[in-house]
Amino acid sequence: MKKYKNVLVLGKFYGLHLGHLYLINTALSQSEMVHVIITHNSSQSIPGEVRFDALKSCYDKVPNIKIYCVSDEGLPAYDYDCETLDEFYSYWIPLVYSQIDSLDAVFTSENYGDDFARYLGVEHVLVDKERKIVPISGTMVRNDPFKNWNFIPDSMKPFFVKRIAIMGPESVGKSTLTKNVSNNLGTNFVTEYGRLIYEINNSITIDDFIPISKGRQEIEDWMIKFSKKYLICDTEDITTYLFSKMYCPDEYQKVEPYFLNVLKTKPKYDLYILLKPDCEGVQDGTRKFLEERWNHYEVIKSYLINYGCNFVEIGGDWNERYKKSLNLISEL
């Protein structure tokens, strides 16, 4: 039989790290049921639901844990925000007991743990206060997630992955650059899904463009879960939309509302690398617009500007494009 029946672990988990899991696992080792409350508010850069989903994923096969996602909007964050401890805990104790009926103990790694337990009317179990067992904090993760990558649970890592879009007109080396950069960084890449569909069907119609957009996004959402710090994407929705206009000039209005909504609402990539067509175009049997490369390039550029995208133009030979891209990504 375990020492406690119901215990509490409360925190922001902002961002989630292995120290948090060590605290929860310690509570699990001593308790029949562990209640974990994640507090969140609109001032935080990592949404509460992201932390909630990441933590739930860590314990999806553990039956004796309940995880709550609770807004603390407007509540004092620290005891010095109030004139007295009584006032401070008059906010927090009702919040806890609005979610949980009864508790035997609270597990923390914080200085406030004794006072918190006293106001809850339960025991306090202090765990790794000095962060000697797991030397990490939420602040360290937020300030430099890549430096602290090994302290972040796999389920939380996708939030911090930087998404890079490689863009440009036909035959500027997008696909080769995408593969070479991702190989150098030891991470994944998203292939040019529209080209794959074209090669399978040996043609393309206006009805293919929305499925291309959705299919490419599904691949990206899957691959980011297994990517190391970066995900390199060969084209994106601006590219797909512009190709719909180029391949189907008399029908693109059919899909235009969808693409304009996607471009307006979808989160932007962390960096867009726009490749100049200052290189020889190569006809591989699929190229349709080699003579329009510079005009296509300028149109892509105008969309990146209009939508406020963080983009950089790169030209030169293949080796120059590769080196410049790696430097840009390392700066990012």
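Which residues of helix H2 (residues 48–58) are buried? In this predicted model, local features need a pLDDT of at least 70 and side-chain atom pairs count only at pLDDT 80 or more, whereas totals for chains, interfaces and linings use all residues. Residues are numbered from 1 along each chain as its sequence is written, and side-chain values use heavy atoms, with hydrogens and water left out.

Within H2, a helix being a DSSP run (H or I) of at least four residues and a strand a run (E) of at least two, numbered from the N terminus, the buried residues are Gly48, Arg51, Phe52, Ala54 and Leu55. Here buried means under 20% relative accessible area, exposed over 50% and partly exposed in between, with a 1.4 Å probe and protein chains only. Seen down the helix axis, these buried residues fall within an arc of 170° and so line one face of H2, the arc being that of the directions from the axis to the C-beta atoms.

The structure also holds 20 aromatic pairs, in which rings of Phe, Tyr and Trp (its six-membered ring) have centres within 6.5 Å, planes under 30 degrees apart counting as stacked, over 60 as edge-to-face and the rest as tilted. Tyr89 and Tyr119 form a stacked pair, 4.7 Å centre to centre with 20° between the planes. Because Tyr89 lies in helix H3 (residues 85–97) and Tyr119 in helix H4 (residues 113–120), this pair ties together parts that are 30 residues apart in sequence. Tyr89 is buried, with a relative accessible area of 4%, while Tyr119 is partly exposed at 24%.
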